[in-house]
Amino acid sequence: MAFNIDTVTVDKSVEASRPSRKVMPGNPEFELVHHADHWNFVDETGEFLPGTLSVQKMPGVNGTDRRGGIGILRNHFTERGSVLLSLGDNRLGKWKNYLRKVTNDANRKHHFTMWENPTVIGNRVMWEHDVEDARAFARHLVENGVVQPMPEALRAMFLDRQNRKIEGLRARNAPAKQIAEEEARYRAMAAGKPLAECMDENKAPKRRGKAS
């Protein structure tokens, strides 16, 4: 089903077919927040990128006032070293209006991020997630000073956590292939390399002694 997808900040007078409220029910507008200790290691690139969570902007919820203001919530996050990614913030570049919406047949809005793409098929919604765009957004946050770079102490904590995971697998006599992959992931995290490169190290041929 084709329907109009729009950014939250722009309204169009003509919309295409509206999805059923049963398929895409209304949900509140939200903003994304990055907590200081929320980082994700990307196997494909060997980098840590900041993770985000959604915070609903519903009056009476999460400190949102009757007009949708979230000043109290913003102060709450700031005090704890978290960053609320405000819609319309020019520092977000092409992602500054990262929220989109679809209006269903009950005239309610269903909100989602711009790297998510819904397609209605019958009575279900198929979601496509643009992983590369989501990663580019996370990378942009660090490169443009919206989020501070990952502290080395936090990186060390992730490495320690990964090491304990490996030790746990060994203690449970997990399959050698699984242990080898997690060991490679540890090396990738430590060196900032893609996992595939570190997996190749497991396959490196052993040196043979010279024939006498």
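The legends below describe close-up views of helices α2 and α3 in a predicted model.

**View 1. Length of helix α2 and the residue that comes after α2.** Helix α2 is made up of the 13 residues 131-143, which at 1.5 Å a residue should span 18 Å, and this agrees with the computed separation of 18 Å between its end C-alpha atoms. Just after α2 comes G145, which takes a positive phi of about 75°.

**View 2. Buried residues of α2 and what covers them.** Along α2 the buried residues are D133, A134, R135, F137, A138, H140 and L141. The elements that cover these buried residues include the strands β2 (30-34), β3 (39-42) and β4 (47-50), together with β6 (83-85) and β10 (124-129).

**View 3. Buried and exposed residues of α3.** Helix α3 runs over residues 152-171, and its 20 residues reach 29 Å from the first C-alpha to the last, close to the 28 Å expected at 1.5 Å a residue. In α3 the buried residues are L154, F158, L159, Q162, I166 and L169; because they cover an arc of only 145° around the axis, they lie on the same side of α3. On the other side of α3, by contrast, A153 and A171 are exposed.

**View 4. Surroundings of α3 and the residue that follows α3.** Among the elements covering the buried residues of α3 are β3 and β4, as well as the helix α4 (176-191). Strands β3 and β4 are also included in what covers the buried residues of α2. N173, which follows α3, has a positive phi, near 55°.

Note on methods:
Residues are numbered from 1 along each chain as its sequence is written. This is a predicted model: local features need pLDDT of at least 70, side-chain atom pairs count only at pLDDT 80 or more; totals for chains, interfaces and linings use all residues. Side-chain values use heavy atoms; hydrogens and water are left out. Helices (H or I, at least four residues) and strands (E, at least two) are DSSP runs, numbered from the N terminus. The expected span of a helix is 1.5 Å times one less than its number of residues. Buried means under 20% relative accessible area, exposed over 50%, partly exposed in between (1.4 Å probe, protein chains only). Contact means heavy atoms within 4.5 Å. The arc is that of the directions from the helix axis to the C-beta atoms.
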